[in-house]
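Notebook open, model loaded. I want to go from the whole chain down to a few residues and jot down what turns up.

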Amino acid sequence: MVEPADRPSTAGQRLGAPESFGVSTLEPGLRPAAQPPGRQVSIRVQMLDDTQEVFQISQRSPGKVLFDLVCVHLNLSEGDYFGLEYQDQRKMTVWLDLLKPTLKQIRRPKNTILRFVVKFFPPDHTQLLEELTRYLFALQIKHDLACGHLICNDTSAALMVSHIIQSEIGDFDETQSWQHLLHNKYLPDQDAIRDKITDCHRKHVGQTPAESDYQLLEIARRLEMYGVRLHPAKDREGTKLSLAVAHIGVLVFQGYTKINAFNWSKVRKLSFKRKRFLIKLRADPAQNAHHDTLEFAMASRDCCKIFWKICVEYHAFFRLFEEPKPKPKPILFTRGSSFRFSGRTQKQIIDYVKDSELKKVPFERKHSKILSNSGMSPQSSSFRSQVPREVADEPDSTRLGRRAECNGSEEPPAATSTTNGFHDIPAAPGSDPTQSRQNHHGTGSAPDPQFLNPESPSSEDSPEGSPHMVVNGNGSVNGLATGSIGVLGQSPEGRLLSPLTSPLLTDAGCVRHDDEDEARRKKFPTDKAYFIAKELLTTERTYLKDLQVITESFQSVAGKDEAFPDSVKNLISASYDPVYKFHQGFLKEVEQRLAQWEGRSNAHIKGDYQRIGDVLLKNIQGLRQLTVHLQKHSECLVELERACRSSRKAEAACRDFEQQRVCYLPLNIFLLRPLHRLLHYKLILERLCKHYPPTHDDFRDCRAALADISEMVLQLQGAMMKMENFQKLLELKKDLTGIDNLAIPGREFIRLGCLSKLSGKGLQQRMFFLFSDSLVYTSRGMTPSNQFKVHGQLPLYGMTIRESEEEWGVPHSFTLFGQRQSVVVAASCESEMERWVEDIRMAIDLAEQTSSPNTDLLSTSLSDNKLSEDGGAELESEDELCGSRSSLERQGHRGNTTVHVCWHRNTSVSMVDFSVAVENQLSGNLLRKFKNSNGWQKLWVVFTNFSLFFYKSHQDDYPLASLPLLGYSVTVPSESESIHKDYVFKLHFKSHVYYFRSESEYTFERWMEVIRSATCSASRSLPSTRKDLY
């Protein structure tokens, strides 16, 4: 039994392809340039899977020749994200300069190993358009975790390692997974969290290697240390710091904690003078400030220059549209460094890959099924056996990459240099500064010297038996012409490929063709059906997160609390867990279909994937099998309320759970989410059927799915409406004090909102609650939970109503004549008055038909001590009111309910509005801009319960902030506001203004539609079958 080698295994290798020599970095029709004449030199390069390849280059060839040979060898189109690093004679890790001769940089090529690694880390891995590139990034993350470069907390580390293991050995098997962890080192302190890793791995059943890579990169990109390479420095006071560079600018760290960031838009010049690194900032016009210069001391001038160079490259790569042009050579004297970025910028890469006419090489990830006790050494398979390559059509030609030149875009000002490497940074034309706030998961420990000064492995670290592949400029591999390679599953030396890899099932060994049958990957789809399907995806992600609140967060709290009866725990678990598991599979299918629709994955598979009806029909038919569980959800709500009434501990536990950030809505709303989701499916299918002509291939499936879901909605709608009313009464009970038995059978909520009550002291703001049997008026109390104190009630039985504006001289006023007292109230505007009058008259009619004359909502204490109408609770000051009106920067719970928002915004909502809000839920990515800011910030936004909730990404467990929309207006920006972007809408309330950008016309219209449903009352304009209930 062979023990695993010390060197990391080639876990994750996916493909076995015939040895070939593809070209991927050249424009169509271009031939690679020949190498300069001269003696050939062997250069050894270590790949991201720790295998080594040997490349033959000329003595006088620049670094670009070697780098392009590596990219061609890997058949890598997006190679500019990567670079070659090595240790120079000073034992400092530096990047290979692509413009200078290689041998002038590497003085001892026989004793030097260059490492092919990721150089530029984009903020979002979805910007990587090819699956091969994402796979290489995943290998980089794996390497950074093992080396201790990617610092994060244990939870994030365990989750990332679990995705790595899933991509290597597949679904969880207790024995195999445990053995795999014992013999493979993914983290420096892996043993301490081994149980947590296996627990995470259990949850990835059915996840493909490509999906594991996607999830790994999604987690890694949100870490504060993602892509960060620390350069030790000191500030002027001598405090030990570290500098780093990222896509947004220059970062300052203390230990592993980011303490400052200088955005590229704020930096005017970067330079270094001897050991001092200088950052010159632009003057702030708003503060009338002068240019500010920050100074950091580094270990040596060489350290300064190394960091300055990578800053120049990062700025050019992420901020410029084109590669900077070289400066003209001076006639007499030279000043400063002539260094400049060489290669394609990120924009050029994206444009090239999207517009390239070259046929994409299939790259399908396969589980490697590596067993640590396998008889085959992990080193026996090279990285070349997993990467698809293509046979060159002319074996005698030299395969050197030549970067594509992008024409037609305006050239920005080039980065210039002056004395001592001064670098002026131009602002990227047409770009906005990105305000990225990364989540910090640092451990808070002191920096390790090995972390701050990582050393590259020397030649002695490489095992002698490690496989090498020699690639030279004459189109031969290890001396064999590439044209002679034609046996699938064999290496050029005639050896069978490692059994750890799976052979490529498509014709990757063929020459590229421009077949019409397999055209190039399409650009972003523009069909309306695609955006409707994408709305299904985004809302399904939010729905699954909402289900997690019940199935994971709440059940974990209830399971530890003995106050909850076992019957309630078992009922909730049995009713919600099967629904959650079903929708997990549904979401995966939708994600895969959207990826195929966009052309992001499985590009080699033929088929018509530009449809969603078949996926919906299949899963809605599966959802019908869960109807018995959906019918029990109303029972769960009733039983949970009964448990809270009978046990104060259970009530306190629920109240404490609602204060957690993950419970961003009242708990009972989450219990009704599965019933609400049926309405969403119905509306989505109605839009698809309306969009498709009857002859469309997807129309039949969509129509059949619509018929099935309509039947389910009709079957459950009665229980749904009763439970919505019951849930609303329970929610109001928490906001009111001094009231007994609010949630009783037969009572229905109709409207709540602000009215001014006329008393001896004049008009006083009061909160009114209209039910089917009485009208209750309150004022906001000064309790810690900001509950509303009940002042009195007016039974609706025998009540009459009369408009009395002329009688009292108060605008928009009307008088309510009850059996025991009369009340004069005034609304904020005419439309508000009309809504109240209409609903009160409807409620009076209901009371005459169903109520008895004696109805008392007030508690005994309040009934005995009759409140003085003039002696209510003190009104809040204007500062308190204004301070609560903008809740975008805070995330409250009981102080941010619909009742409180109506109080501050002086408006009202009805039960019909709540029902419409249930149907009009939406989520997705939006770009947000404040009134006085320049940049747009990308956020994941969820609209529900009359509010926008903001997340950094759809995988976040809780929102960062919220914005209640009641009282806001939604419009399109005017010309004077200078918002020169498409699909922008504006939200404003008094002095609060926010701009949001959507990705398409359809999503723009949908956001406008759902937000208008929250900002405009629906009781008069939207007749609904739900309204008949009231």
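Here are my entries, starting with the overall picture.

**Overview.** I'm working with a predicted model. I counted 26 helices and 35 strands in the protein. Of its 1030 residues, 56% come out as buried. The exposed surface is about 44600 Å², with carbon and sulfur atoms supplying 49% of it. I also checked contacts between residues at least 6 apart in sequence: 70% of them join residues at least 24 apart.

**Helix 25.** I looked at residues 911-919 next, and 8 of the 9 residues of this helix are buried, so the rest of the structure largely encloses it. The buried ones run Met911, Val912, Asp913, Phe914, Ser915, Val916, Ala917 and Val918. What covers them? I found that the cover includes helix 18 (673-691), helix 19 (699-735), strand 21 (749-759), helix 24 (898-905), strand 28 (908-910) and helix 26 (1001-1015).

**Ile310.** I found this residue in helix 8 (residues 301-319). Ile310 is buried, at a relative accessible area of 8%. Leaving out residues up to four places away in sequence, Ile310 touches Trp95, Lys119 and Val245. I checked Lys119 further: its C-alpha is 9.2 Å from that of Ile310, though the two are 191 residues apart along the chain.

**Salt bridges.** The structure holds 42 of them, and I followed up a few.

- Arg229 and Asp144 meet through their side chains at 3.0 Å, N to O. Arg229 sits in the loop between helix 7 (209-220) and strand 7 (231-234) and Asp144 in helix 3 (residues 131-147), so the pair ties together parts 85 residues apart in sequence. Asp144 is buried at 3% relative accessibility, while Arg229 is partly exposed at 28%.
- Lys534 bridges to Glu999, with the closest N and O atoms 3.0 Å apart. Lys534 is in helix 11 (residues 528-560) and Glu999 in the loop between strand 35 (992-997) and helix 26, so this pair ties together parts 465 residues apart in sequence. I have Lys534 as buried, at 19% relative accessible area, just inside the cut-off of under 20%.
- Asp614 and Arg593 meet at 2.9 Å, N to O. Asp614 is in helix 13 (residues 613-624) and Arg593 in helix 12 (residues 566-598), 21 residues apart. Both belong to a salt-bridge network with Arg611, Asp698 and Asp701.

**Surface charge.** Last stop: Glu803, Glu805, Glu830 and Glu834 form a negative surface patch. Glu803 lies in strand 25 (residues 800-803) and is exposed, with a relative accessible area of 51%.

Note on methods:
Residues numbered from 1 in each chain as written. Predicted model: local features only at pLDDT ≥ 70, side-chain atom pairs only at ≥ 80, totals over all residues. Heavy atoms only, no water. Patch = residues over 30% accessible without salt bridge, like charges linked within 9 Å, V, L, I, M, F, W, Y side chains within 5 Å. Areas by Shrake-Rupley, 256 points an atom, 1.4 Å probe, with all protein chains shown as cover. Salt bridge = Lys/Arg side-chain N within 4 Å of Asp/Glu carboxyl O. Lys, Arg positive; Asp, Glu negative; His and termini not counted. Charge placed at Lys NZ, Arg CZ, Asp CG, Glu CD. Helix = DSSP H or I, 4+ residues; strand = E, 2+ residues; numbered from the N terminus. Buried < 20%, exposed > 50% of the residue type's maximum accessible area, 1.4 Å probe, protein only. Contact = heavy atoms within 4.5 Å.
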